[in-house]
Amino acid sequence: MLELLLPPPVDPLWDLAEAFEADARPERLNLVLGVYRDHTDTTPVMAAVREAEMRLAERSASKEYRGLSGNAAFNRAMLSMVLGAQATVERAVAVQTVAGSGALRLLADLICRTRPGSTVWISDPAYVNHRPIMEAAGLKVRTYAWVDSEGRFDESGMLHDLRGAGRDDVVLLQGCCHNPTGVDPTRQTWEKLAELAVRDGWIPFVDLAYHGLGDGLDEDLFATRLLARRVPEVLIAVSCSKNFGLYADRTGCALVVGASRPALRHAETALQNAARTLYSMPPEHGAAIVTTVLEDAELSALWREELDLMRARITANRTELTSQLRALGWEGEAQALSQQKGMFSMLPLTATQMLQLRNQFAIYGTTAGRINIAGIPQSRVCYLARGIAEVLGTPAR
Ligand SMILES: Cc1ncc(COP(=O)(O)O)c(C=O)c1O
């Protein structure tokens with residue numbers, strides 16, 4: 001049977017990561033994958049997470065099966081953290097998933113089971129896995145504008161495209177720190193989007209992967225909470241990979257906000273059934289850690305402090321890169337970069353220039369120009385800025 005397989009398409013991100021590993025140049029800089037690195041250039045286990053793991057080990061909790069919805073206390077903690085207001089929490093259900101990716105897939109399955117052949121609108125450009133996950137679940141995909149040619153948020157383009165979305169459609173929106181562009185709508189635009197969703201009847205599907213890494217945890221949850229308050233039905237995929245540093249523990253949650261209790265119960269059962277046919281139950285370890293942290297006032301405060309530190313480091317990196325580019329004469333490019341948020345930024349470079357950056361300076365970003373701002377060692381920001389300036393050429397003064 002296996003001889004019938006065609007060579008599978010290579011995953012561009014993991015392919016670049018492999019090329020980086022094989023690169024022997026000492027000055028090499030890996031800005032491809034979306035992981036946070038601290039001042040020692042490692043991806044640390046957060047102190048709050050480590051403490052929670054020790055407490056869990058001491059308690060030696062049973063490894064008995066959990067239900068199809070996973071860890072119930074984790075689901076409650078996610079509902080109240082993400083939605084905030086009790087009135088909204090009461091209009092929602094949560095099912096633990098295999099990280100944010102698992103939540104995206106389960107919610108896509110829910111849409112497909114409810115309205116087969118629905119269309120999901122994703123941003124252009126989008127997170128690299130949005131289209132494949134939606135299509136694998138059987139959904140049609142259309143795109144809406146996100147940035148203009150200068151890399152700035154394109155509000156009019158987006159609103160224009162979304163006029164095409166109607167009652168049977170779902171609009172996938174990243175709640176904060178857009179991947180790959182780092183460009184987010186303003187609060188006023190989110191208000192307009194909530195109005196549009198109510199007026200035209202489409203369902204917002206919020207992907208939350210970077211809350212806490214943009215402007216602050218509550219600030220980054222503004223859009224999600226607004227939509228959940230205003231729109232009758234909202235789907236939310238939550239990842240704990242980045243803000244708890246639990247990348248490998250595959251921790252996340254699918255939330256559904258709905259208009260009635262019976263509808264919510266059906267949604268929960270549909271998500272459970274989707275999970276049953278994919279992997280049965282989600283893994284417990286990460287969910288137990290998050291619950292231990294969020295249920296303990298001291299650990300929770302420590303986690304928030306660490307999250308603030310991560311955010312501050314990301315912001316400092318972006319500010320430093322911006323001022324270095326400015327000093328090298330690239331004012332417009334620096335200005336666009338300074339308005340971006342979160343782990344990623346798009347460099348104003350073509351695919352050829354990104355290749356030049358890799359070949360000449362051993363700086364690895366994606367071919368489309370995305371770099372992981374959280375992955376730049378502080379001491380290397382200057383090197384990166386010089387590399388970018390070099391491939392950009394001579395600034396027009
Ligand atoms: C926008 C976005 N959504 C979802 C995810 C999924 O994250 P995970 O499955 O690791 O929780 C990512 C990961 O990079 C992402 O960037």
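## Strands 3 and 4

Val-120 has Val-141 of strand 4 as its bridge partner. The model shown here is predicted. Strand 3 covers residues 119-124 and runs parallel to strand 4, with 6 bridges joining the two.

Helix 7, residues 155-162, packs on the sheet. Helix 7 touches strand 3, strand 4 and strand 5, the last of these being residues 169-174. The direction of helix 7 makes about 145° with that of strand 4.

## The whole sheet

Strands of a sheet pair through backbone hydrogen bonds, either parallel or antiparallel. Here, 7 strands form an open sheet with mixed pairing. Their order is 2-8-7-6-5-3-4.

Which strands stand at the edges? They are strand 2 (92-98) and strand 4 (140-145). Each has a single partner strand, so one side of each is left without a neighbour in the sheet. On average, neighbouring strands of this sheet are turned by 25° against each other, direction ignored.

## Helix 5 against helix 11

Two packed helices are described by the angle between their axes and the distance between the axes. Helix 5 spans residues 99-114, and helix 11 spans residues 261-278. They pack at an angle of about 115°, and their axes are 9 Å apart. The two helices are therefore roughly perpendicular to each other. The crossing of helix 5 past helix 11 is right-handed.

Helix 5 makes the contact with Leu-106, Asp-109, Leu-110 and Arg-113. Helix 11 contributes Ala-267, Ala-270, Leu-271, Ala-274 and Ala-275. By class, this contact of helix 5 with helix 11 has 7 nonpolar and 2 charged residues, and no polar ones.

How values were computed
Residues are numbered from 1 along each chain as its sequence is written. This is a predicted model: local features need pLDDT of at least 70, side-chain atom pairs count only at pLDDT 80 or more; totals for chains, interfaces and linings use all residues. Axes are lines fitted to C-alpha atoms, for helices over the stretch in contact, and angles run from 0 to 180 degrees between N-to-C directions. Helices (H or I, at least four residues) and strands (E, at least two) are DSSP runs, numbered from the N terminus. Angles under 35 degrees count as roughly parallel, over 145 as roughly antiparallel, 65 to 115 as roughly perpendicular and the rest as oblique. A crossing is left-handed if the near helix is turned anticlockwise from the far one by less than a right angle, and right-handed if clockwise. Two residues are in contact if their C-beta atoms, placed from the backbone, lie within 7 Å. Ala, Val, Leu, Ile, Met, Phe, Trp, Tyr, Cys and Pro count as nonpolar, Asp, Glu, Lys and Arg as charged, and the others, Gly among them, as polar. Two strands pair if DSSP finds at least two bridges between them.
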